[in-house]
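Got a minute to go through this one? Let's ask what earns each label, and check the values against the cut-offs.

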Amino acid sequence: MGVCQVDKTEMLEYTNKVMNTLQGYICNSRPRRFGKSITANMLTAYYSKGCDSQDLFAGLKISEASDFKKHLNQYDVLKINMQEFLSATNDIEHMLKMLNEYLIFDLKEQYGQVRFRDEKNLVQVMKDVYSYTKHPFVILIDEWDCLFREYSRTRRHRKNILIFLDSGLKTKSMLRWPI
């Protein structure tokens, strides 16, 4: 029996179409073991300017789309696996603090030539990078549901999660659309 391969790159055509719209905030909610992380990896490979993935997508459905090259490898991608931070901490406040610090560290390391106004404020660091590069960010959050599964026991926990997501991921000129 052979391996069945399914071309899921049409999802990229859809995400390109809804970029910069209210529909651009996409939640890929699927049961466990149904390819959410692989989808996040596909999105990263397609959008990240840190990749050269034209050959990877050649021959797939997305390569036939009229805007294939317009979005291919054009964005700064922040791919966050929330499970990694969850397993390294004991409470939501510590987890969100760690996530904030790690993202800032990575951005400062990658963009050391940028002058940062407030090196402790993730949103400001992202704004400073965007001002320097003029490349918008695409934010991919893998395992986002673990926050609510593990830390939504109290109203305070839910509020802290939503404040973090809202303050960092609201529509801003530097963002293209968090997923």
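Q: Where does Thr44 sit, and what makes it buried or exposed?
A: In this predicted model, Thr44 is found in helix H2, residues 36-47. Its relative accessible area is 17%, and buried means under 20%, so Thr44 counts as buried.

Q: Which residues does Thr44 touch, leaving out those up to four places away in sequence?
A: Those are Cys51, Val77, Lys79 and Leu140. They're called contacts because heavy atoms come within 4.5 Å.

Q: How do you know that the length of helix H6 agrees with its residue count?
A: Helix H6 covers residues 92-110, which makes 19 residues. The expected span is 1.5 Å times one less than the number of residues, so H6 should span 27 Å. Its end C-alpha atoms are 27 Å apart, so the two agree.

Q: Which residues of H6 are buried?
A: Ile92, Met95, Leu96, Met98, Leu99, Asn100, Leu103, Ile104 and Leu107.

Q: Which members of the largest nonpolar core touch the most other members?
A: Of its 27 residues, Ile80, Met82, Met95, Leu99, Leu107 and Met126 do. Elements giving two or more residues to this core include strand E1 (76-81), helix H5 (82-87), H6 and helix H7 (122-133). H6 gives the most, with 8 residues.

Q: What does Met82 touch, not counting residues up to four places away in sequence?
A: Met82 touches Met95, Leu99, Ile141, Asp142, Glu143, Trp144, Cys146 and Leu147. Apart from the core with Met82 in it lies another core of 16 residues, among them Tyr47, Ile62, Tyr75 and Val138.

Q: Why is the pair of Glu101 and Lys97 called a salt bridge?
A: The closest N and O atoms of Glu101 and Lys97 are 2.7 Å apart. The cut-off is within 4 Å, so the pair qualifies. A search of the whole structure finds 4 salt bridges.

Q: What separates Glu101 and Lys97 along helix H6, and why does that suit a pairing?
A: Glu101 and Lys97 are 4 residues apart in helix H6, so about one helical turn separates them. An α-helix has 3.6 residues a turn, so residues three or four places apart point the same way.

Q: What makes Glu101 partly exposed?
A: Its relative accessibility is 40%. Partly exposed lies between the buried limit of 20% and the exposed limit of 50%, so the label fits Glu101.

Q: How do you know that Lys108 and Glu119 form a salt bridge, and what does the pair tie together?
A: Their closest N and O atoms are 2.9 Å apart, and the limit is 4 Å, so the pair counts. Lys108 lies in helix H6 and Glu119 in the loop between H6 and H7, so the pair ties together parts 11 residues apart in sequence. Lys108 is partly exposed at 29% relative accessible area, and Glu119 is partly exposed at 42%.

Q: Arg117 forms a salt bridge with Asp128; which of the words buried and exposed goes with each residue, and why?
A: Arg117 has 65% relative accessibility, and exposed means over 50%, so Arg117 is exposed. Asp128 has 4%, which is under 20%, so Asp128 is buried. The closest N and O atoms of the pair are 2.8 Å apart. Arg117 is in the loop between H6 and H7, and Asp128 is in helix H7.

Key. Residues are numbered from 1 along each chain as its sequence is written. This is a predicted model: local features need pLDDT of at least 70, side-chain atom pairs count only at pLDDT 80 or more; totals for chains, interfaces and linings use all residues. Side-chain values use heavy atoms; hydrogens and water are left out. Buried means under 20% relative accessible area, exposed over 50%, partly exposed in between (1.4 Å probe, protein chains only). A nonpolar core is a set of buried Ala, Val, Leu, Ile, Met, Phe, Trp, Tyr and Cys residues joined through side-chain atoms within 4.5 Å. A salt bridge is a side-chain nitrogen of Lys or Arg within 4 Å of a carboxyl oxygen of Asp or Glu.
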